[in-house]
Amino acid sequence: RLRRMRFDAAVDMEFFSPDSTIVEPDKLVFTGVMGYAPNEDAAVHFVEDILPLIRLKRPNATFWIVGSDPSARLSALANRPGVHVTGKVDDVRPYVRSAALFVCPLRVGSGVKNKILAAMAMQKATVATPLSIDGLDVADNREVLLAQDPQSFADKVVWLLIDQEEGRRLGTNGLTCVRDKY
C-alpha cells in the first residue's frame with residue numbers, strides 16, 4: 001500500500017487511516033521486514049538499550065516488534081519482559097493503531113522510511129532517531145520527536161506516554177503532514 005512515485009514516497013491514506021481502535025496506554029510498536037539488518041539492529045538496540053530505561057519509569061511498557069523474517073536472535077528477545085515478536089502478520093495496522101506510540105530507533109540504513117509515514121497517516125505520535133527521518137520533510141517537535149542516544153530516546157517516549165495531549169498534537173501534525181505532502 002506504500003508505493004514510490006518518482007522520488008517521493010506516497011501513502012494510501014484510505015488504507016493507512018486513523019480509526020477508533022482502543023489504544024493500549026504503554027504499548028510501543030516498531031514495524032518492518034525484520035530480516036533486513038537495519039531493522040533487526042534497531043529492534044535489538046531498542047530492547048537492550050532503550051526499553052530497560054523506559055521500564056524504570058513505566059514498568060508496564062511493552063514493545064512490539066512487528067514484521068516478517070525475524071532472526072533467531074530477534075525471536076529470542078520475546079523471552080524478555082514486555083517484549084513481543086510477531087513474525088509475519090497479515091496486517092500491521094491493528095498493531096500500530098492499538099499502540100500508544102510508534103518508535104523507530106534505526107541506527108543504520110538509507111532511504112525513505114515508509115513505516116514512519118504509515119504510522120503518521122494513522123495519527124501515531126512517533127519517536128525516532130534522526131536517521132529514521134532521512135529523506136522525509138518532517139521536523140523534530142513538530143511531527144516527530146527525535147532522539148539520538150538511548151537515554152534521550154527513553155525520556156521522550158516516557159514523556160509522550162505521560163503527556164497524552166502532546167502525543168495527540170504530534171499525531172495530528174504527522175497526519176496533516178502526510179496528507180499534505182505524501
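Which loop holds Gln123? The answer comes under point 6, after confidence, rings and helix.

1. Confidence. This is a predicted model. Mean pLDDT for the protein is 92, with 94% of the residues at 70 or more. Residues 1-7 are a weak stretch: pLDDT stays under 50 there, and the model gives these residues 16 contacts beyond four places in sequence. I would read those contacts with the low pLDDT of residues 1-7 in mind.

2. Aromatic pairs. The structure holds 4 aromatic pairs. One of them joins Phe15 and Phe16, with an edge-to-face arrangement, 4.9 Å centre to centre and 85° between the planes. Both Phe15 and Phe16 are buried. Another pair, Phe46 with Phe63, is tilted: the centres are 4.2 Å apart and the planes are at 35°. The angle of 35° falls between the limits of 30 and 60 degrees, so the pair counts as tilted and not as stacked or edge-to-face.

3. What the Phe46 and Phe63 pair connects. Phe46 belongs to helix α1 (residues 37-57) and Phe63 to strand β4 (residues 62-66); the pair therefore ties together parts that are 17 residues apart in sequence. Phe46 has a relative accessible area of 0% and is buried. Phe63 is likewise buried, at a relative accessible area of 0%. Phe153 joins Phe46 and Phe63 in one aromatic cluster.

4. Charges over rings. Two cases deserve mention. The charged end of Arg93 sits over the ring of Phe15, 3.7 Å from the ring centre; Phe15 is also the partner of Phe16 in the edge-to-face pair. The charged end of Lys27 lies over the ring of Trp64, at 4.7 Å from its centre.

5. Helix α6. This helix covers residues 164-181, 18 residues in total, and spans 25 Å from first C-alpha to last, close to the 26 Å expected at 1.5 Å a residue. Its buried residues include Glu166, Gly167, Leu170, Gly171 and Gly174. Leu175, Cys177 and Val178 of α6 are buried as well.

6. Positive phi outside glycine. Gln123 lies in the loop between α4 (114-121) and β7 (126-128). Its phi is positive, about 65°, although Gln123 is not a glycine. With 32% relative accessibility, Gln123 is partly exposed. Asp69 also has a positive phi, near 60°, in a residue other than glycine. Asp69 is placed in the loop between β4 and α2 (72-76). Is Asp69 buried or exposed? Its relative accessibility is 54%, which is over the 50% limit, so Asp69 counts as exposed.

Methods: Residues numbered from 1 in each chain as written. Predicted model: local features only at pLDDT ≥ 70, side-chain atom pairs only at ≥ 80, totals over all residues. Heavy atoms only, no water. Phe/Tyr/Trp six-rings, centres within 6.5 Å; stacked < 30°, edge-to-face > 60°. Buried < 20%, exposed > 50% of the residue type's maximum accessible area, 1.4 Å probe, protein only. Helix = DSSP H or I, 4+ residues; strand = E, 2+ residues; numbered from the N terminus. Lys NZ or Arg CZ within 6 Å of the ring centre and 35° of its normal. Expected span 1.5 Å × (residues − 1). pLDDT = per-residue confidence, 0-100. Contact = heavy atoms within 4.5 Å.
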